[in-house]
Amino acid sequence: MNNFGYYAPTRYIFGRDTEKETGHLTVENGMKKVLLTYGGGSVVRSGLLARVQESLKANGVEYVEFGGIHPNPTDDRVYEGIEIVRNNGIDGLIAVGGGSVIDTAKAIALGALYEGDFWDFYAGKAVPQRALPVGVILTIPAAGSEGSGNSVITRLDGLHKISLRTDSVLRPKFAILNPELTFTLPPFQTASGIADMMAHIMERYFSPTPDVSVTDHLCQGLLRSIIEVAPRVMADPEDYQARANIMWAGTMAHNGICGCGRVEDWVSHFMEHEISAVYGVTHGAGLAVVYPAFLMFMATHSPSKPAQFARTVFNITDSDDSVAARKGAEALRAFFGSLGLPLTFKQLGIENPDINLLVDKLIENKGEIIGGYYRLNRADMTAIYELMK
Ligand code: NZQ
Ligand code: ZN
């Protein structure tokens, strides 16, 4: 096990009706006037936004609405939000929605206190030191942004989709997790969220670091639990207990606990971010295509950990590592298929993927050699993308 630091100061409030606590949690965190951020309208239609506004008003918190944030959020909305924050004396942000809304709020929170261009942080030209406080009311268990120190934004100029990772600066002050708020999710978004949270665990699990038994078992247990519960949420979107387990799993998957003490991988996310930046696909659906291909490649290049994954998560019994690893990749693919997720570029709606472009952008954004588990060069990256056809 490697040395590590783990600081995850987000306060989680979990359960039915918990959105009513928004107002007092906002006040508790020193916010008096907030930018109330949300997406394309699901929270308006469900009545959630109105309930959050009521709670803010009841606690004397003023707000300015900032809606219409779309999936795979872009830098133009961040610049717009920063201006509104600066011109209105806003001292915090409340994000009502999923990863796209939360990530935009985090970027605004960072940029509003920085004299330069907020993109400096994403381009690696500046290191985040401070940000306005952000509170979250989560509506989709998927990206894990409610507990992560990350924010993923796409720069429209050049379609660079970059994940900024901070230890603590960008972790929300509080995250309200009410499983009932996820009842309205369409099956495709539910399934994509499940693929994303599983990927967050696997990116940390596929590691070259030996003797990380505690973290390994945590990852394996979470994955098994998601696989066990997922069919229930797909069959009955209003199964509260199943939704509750999936929601908490999504947070645990990405709040850092699954990565303690080891090198992490993240190749599949890097590869997917290029696909969603160029083709605008749903992040989790993209990962359902990428991850089995990554594992299939590893079955021939570095099968030991994928074999452990296959045996512990999917009960594969083969003793040969390569065979077990390949069967694990097939089992994961079949599981994603059972949720109705796409399994190829074509099923993602990409008829003729430009693999050279994807690899060029990947190398431009992440370097010539990528990956914590196995070091991939250009030919390897190309081979993995080819497996997705
Ligand atoms: O915009 P609205 O109308 O709200 O609809 C959204 C959106 O169309 C809908 N939705 C959300 N909650 C709903 C709902 N529809 C009905 N009922 C509800 N309760 O779902 C759609 C997707 O929303 P989005 O916020 O985009 O989903 P997600 O949470 O999957 O976020 C994806 C973004 O997060 C990034 C991804 O790359 C992508 O840009 N990620 C962020 C991470 C982080 N900050 O730590 C890590 C992840 O790996 C990921 O890269
Ligand atoms: Zn993800």
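Reader: Which helices do the buried residues of α12 pack against?

Author: They pack against α7, α8 (213–235), α11 (283–301) and α13 (321–338). Contact here means heavy atoms within 4.5 Å. Helices (H or I, at least four residues) and strands (E, at least two) are DSSP runs, numbered from the N terminus. The model is predicted, so local features need pLDDT of at least 70 and side-chain atom pairs count only at pLDDT 80 or more, while totals for chains, interfaces and linings use all residues. Residues are numbered from 1 along each chain as its sequence is written, chains are lettered from A and ligands numbered from 1 in the order in which they are written, and side-chain values use heavy atoms, leaving out hydrogens and water.

Reader: Which residues of α12 are buried?

Author: A residue is buried under 20% relative accessible area, exposed over 50% and partly exposed in between (1.4 Å probe, protein chains only). In helix α12 (residues 304–314) the buried ones are K305, P306, A307, F309, A310, V313 and F314. After α12 comes N315, with a positive phi near 55°.

Reader: Is V214 buried or exposed?

Author: V214, in helix α8, counts as exposed because its relative accessible area is 62%. Its C-alpha atom is 9.7 Å from that of M1, although the two residues are 213 apart along the chain.

Reader: And how does one read a residue in a loop, such as N178?

Author: Look at its cover and then at its neighbours. N178 lies in the loop between β8 (174–177) and α7 and is buried, since its relative accessible area is 1%. Leaving aside residues up to four places away in sequence, N178 touches G15, R16, D17, T18, E19 and M247. A polar contact is a pair of N or O atoms within 3.5 Å; within protein, one must be able to donate a hydrogen and the other to accept it, and residues adjacent in sequence count only if both atoms are side-chain atoms. The N178 side chain reaches the backbone nitrogen of E180 at 2.9 Å.

Reader: Which residues hold the zinc ion (ligand 2) as donors?

Author: Donors are N, O and S atoms within 2.8 Å of the metal (3.2 Å for Na, K and Ca); water is not among the atoms, so sites may look incomplete. The protein donors are D196 (OD), H200 (NE2), H269 (NE2) and H283 (NE2), at 2.0 to 2.2 Å from the ion. Their spacing in sequence is D-x3-H-x68-H-x13-H.

Reader: Why are D196 and H200 separated by about one helical turn?

Author: An α-helix has 3.6 residues a turn, so residues three or four places apart point the same way. D196 and H200 are 4 residues apart in helix α7, and therefore about one turn apart. Both D196 and H200 are buried.

Reader: How many residues surround ligand 1?

Author: A residue is near a molecule if one of its heavy atoms lies within 4 Å of it. Ligand 1 is surrounded by 31 residues, and the closest are G40, S42, S100, D103 and H200. They divide into 9 nonpolar, 19 polar and 3 charged; Ala, Val, Leu, Ile, Met, Phe, Trp, Tyr, Cys and Pro count as nonpolar, Asp, Glu, Lys and Arg as charged, and the others, Gly among them, as polar.

Reader: What lies 2.6 Å from an oxygen atom of ligand 1?

Author: A backbone N or O atom of G40 does. A polar side-chain atom of S42 is 2.7 Å from a ligand 1 oxygen, and an N or O atom in the H200 side chain is also 2.7 Å from an oxygen of that ligand. Taken alone, ligand 1 exposes 960 Å², of which the protein buries 89%; accessible areas come from the Shrake-Rupley method with a 1.4 Å probe, and for residues only the protein chains shown count as cover.
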